[in-house]
Amino acid sequence: RALLSLEACRVQQYPFRADQLVQGTDWEAYVAQIAGEVLAEQSPKRLLQVRGRLYELIVNCIPAEVILKKLVKELMRKLDVELKHEVAHWAAHYEHRLQEGQKPIIHLEAFIAQFMALYKKYLISSFG
């Protein structure tokens, strides 16, 4: 991750300056975009779109565990306190399954589907 950040900073400004900000990587911005889309709409159509995006990250050699951690971090930033505990529980559950399983896309997609169900249930109970 440090090398990717260094590379992004070099593209932004070279030679480096002492006050130069560390640039975030493209895949992190992509994961943040995925989190925003999941929060905006919880539907099978959106799940299929997100699955494609997650697969794209995996194909570009971003480890599934790193994707899951960043995704959860982005989701937690935008959630109410009531949901954070349950989302953390499911994130740990699917992170464990990632370690045990063979196909990371299945576990990432299952986490997204679980999150969508939780979030939609929360929205319906809170706002009718």
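Alanine 117 sits in helix H6 of this predicted model. Helices here are DSSP runs of H or I with at least four residues, strands are runs of E with at least two, and both are numbered from the N terminus. With a relative accessibility of 46%, alanine 117 counts as partly exposed; on this scale, buried means under 20% relative accessible area, exposed means over 50%, and partly exposed lies in between, using a 1.4 Å probe and protein chains only. Along the chain, alanine 117 and proline 15 are 102 residues apart, and 48 Å separates their C-alpha atoms. A different pair to look up is lysine 69 and alanine 91: they are 22 residues apart along the chain, with their C-alpha atoms separated by 8.1 Å. Lysine 69 belongs to helix H4 and is exposed, its relative accessible area being 53%.

Residue numbers start from 1 along each chain as its sequence is written. Because the model is predicted, local features need pLDDT of at least 70 and side-chain atom pairs count only at pLDDT 80 or more, while totals for chains, interfaces and linings use all residues; side-chain values use heavy atoms, with hydrogens and water left out.

Now for the overall fold. The protein has six helices and zero strands, which gives the pattern α-α-α-α-α-α when read along the sequence. The C-alpha trace spans about 55 × 35 × 25 Å along its principal axes. Of the 128 residues in the protein, 37% are buried. Contacts (heavy atoms within 4.5 Å) also tell a story about the chain: among those with a separation of 6 or more, 62% link residues 24 or more positions apart.

The interior comes next. A nonpolar core is a set of buried Ala, Val, Leu, Ile, Met, Phe, Trp, Tyr and Cys residues joined through side-chain atoms within 4.5 Å. The largest such core holds 33 residues, and Phe111 and Ile112 touch the most other members. Two or more residues of this core come from each of H2, helix H3 (44-59), helix H4 (64-77), H5 and H6. The greatest share is given by H6, with eight residues. Phenylalanine 111 is a good residue to find on the structure: setting aside neighbours within four places in sequence, phenylalanine 111 is in contact with Leu68, Leu71, Val72, Leu75, Val87, Trp90, Ala91 and Tyr94.

Aromatic rings add detail to this picture. Rings of Phe, Tyr and Trp (its six-membered ring) pair if their centres lie within 6.5 Å; planes under 30 degrees apart count as stacked, over 60 as edge-to-face, and the rest as tilted. By this rule there are three aromatic pairs. In one of them, tyrosine 94 and phenylalanine 111 meet edge-to-face, at 6.3 Å centre to centre and with 70° between the planes. Tyrosine 94 is in helix H5 (residues 81-100) and phenylalanine 111 in helix H6 (residues 104-127), so this pair ties together parts that lie 17 residues apart in sequence. Both partners count as buried, because the relative accessibility is 7% for tyrosine 94 and 1% for phenylalanine 111. The rings of phenylalanine 115 and tyrosine 119 have centres 5.6 Å apart and planes at 10°, so this pair is stacked. These two residues are four apart in helix H6, and therefore about one helical turn separates phenylalanine 115 from tyrosine 119. Both phenylalanine 115 and tyrosine 119 are buried. One aromatic cluster is formed by Trp90, Tyr94 and Phe111.

A charged residue can be buried too. Glutamate 37, in helix H2, counts as buried because its relative accessibility is 12%. Leaving out residues up to four places away in sequence, glutamate 37 touches Arg46 and Arg53.

Finally, the pocket. On a 1 Å grid over the protein atoms alone, a pocket is an open set of points with protein on both sides within 12 Å along at least five of seven lines, whereas a cavity is a set where a 1.4 Å probe fits but cannot get out; lining residues have an atom within 4 Å of a point. Grid points are joined across faces, edges and corners, and a volume is the space filled by probe spheres set on the points. The largest pocket has about 170 Å³ of space. Its lining consists of Leu4, Glu7, Ala8, Val11, Gly24, Thr25, Asp26 and Trp27. Helix H1 (2-12) and helix H2 (26-40) each supply at least two of these residues, and H1 gives the most, with four. The lining divides into four nonpolar, two polar and two charged residues, where Ala, Val, Leu, Ile, Met, Phe, Trp, Tyr, Cys and Pro count as nonpolar, Asp, Glu, Lys and Arg as charged, and the others, Gly among them, as polar.
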